[in-house]
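Trainee: Could we go through this protein together, one question at a time?
Mentor: Gladly; have a look at it first.

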Amino acid sequence: MRKELAAGAVAAGLLLTGCSTGAAPADQPPNGSNRAAAAKSLEVSDPCSLVAPEQAKELGLDQEPKPADSGGKPGCQYESGIPGGPGWGVFVAADAERTFQQFTEAEQKAQKLDIGGYPAAKVNDPSGCTLVVDVADNGSLLVSALVRSGAPIEVGTSCDAAKRTTEATLKTLPAA
C-alpha cells in the first residue's frame, strides 16, 4: 500500500511539474488554436482577389468588387443589387494585425462556431454580421455582411451571407 501511495505521489508530482512549465499539450499547437484545417497565408497582394470572380457570381454578388477600408483594415467590398436598394454586400479582409484569439477576447458577445475546420466567431447585430476566422497564427480572416431589405430570399440572413462568403474565401486563400 505504501509503495502504491509513493508511486502515486511521484506520478502526481511529475504531472504537476509538466503542467507548470507552460508548455502546450502535444496535441495542441503552441498558439492555442483549435484549427482542424491547414493554416492559410494572409499575404494577399490584391484584396479583391479574396473572392474569385466565379465565386462572386455563384454568391450572387453582381457588382464590380471595390477596394475598401473598414476600421483601418484594407479589404474589398462586394455588392449585389443596386447600391442602397434590395440586395446585399460583404466586406472581406485578410487581417494580419488581429488574431482570432484577440477578437474573441475583446468581443464578449461573440458566438463561436466552426467553418470548414477553422474556429470562427460571429457578432450579429442590426448593422450586419461579422465573422472572424482563425486561419493563421499571425492574423485572421474578417468577413462582414449586410443583407438589405428586399434581398432575394435565397441570400438568407446577414450571417448566412457572411458564412457562404467565408466558405468561398477559404478556398481562395493560399496555404501558409
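What follows is a short exchange about the fold, a hairpin and the disulfides.

Trainee: In what pattern do the helices and strands follow along the sequence?
Mentor: Keep in mind that this is a predicted model. There are four helices and seven strands in the protein. Read along the sequence, they give the pattern α-α-β-β-β-α-β-β-β-β-α.

Trainee: Which residue in the turn between β1 and β2 has a positive phi?
Mentor: Strands β1 (residues 66-70) and β2 (residues 73-81) run antiparallel and are joined by five bridges. Within this pairing, P67 stands opposite C76. The two strands form a hairpin with two residues between them, and the turn residue with a positive phi, about 60°, is G71.

Trainee: What is the handedness of the disulfide between C48 and C76?
Mentor: The sulfur atoms of C48 and C76 lie 2.0 Å apart, which fits the cut-off of 2.5 Å. C48 sits in the loop between α1 and α2, while C76 belongs to strand β2, 28 residues apart. Both cysteines, C48 and C76, are buried. The torsion about their S-S bond is about 95°, so the disulfide is right-handed.

Trainee: What is the pairing of the bonded cysteines in sequence order?
Mentor: The count comes to two disulfides. Besides C48 and C76, C129 and C159 form a disulfide. That pair links strand β6 to helix α4, with C129 and C159 30 residues apart. Numbered in sequence order, the bonded cysteines pair as 1-2, 3-4.

Definitions and conventions
Residues are numbered from 1 along each chain as its sequence is written. This is a predicted model: local features need pLDDT of at least 70, side-chain atom pairs count only at pLDDT 80 or more; totals for chains, interfaces and linings use all residues. Side-chain values use heavy atoms; hydrogens and water are left out. Buried means under 20% relative accessible area, exposed over 50%, partly exposed in between (1.4 Å probe, protein chains only). Two strands pair if DSSP finds at least two bridges between them.
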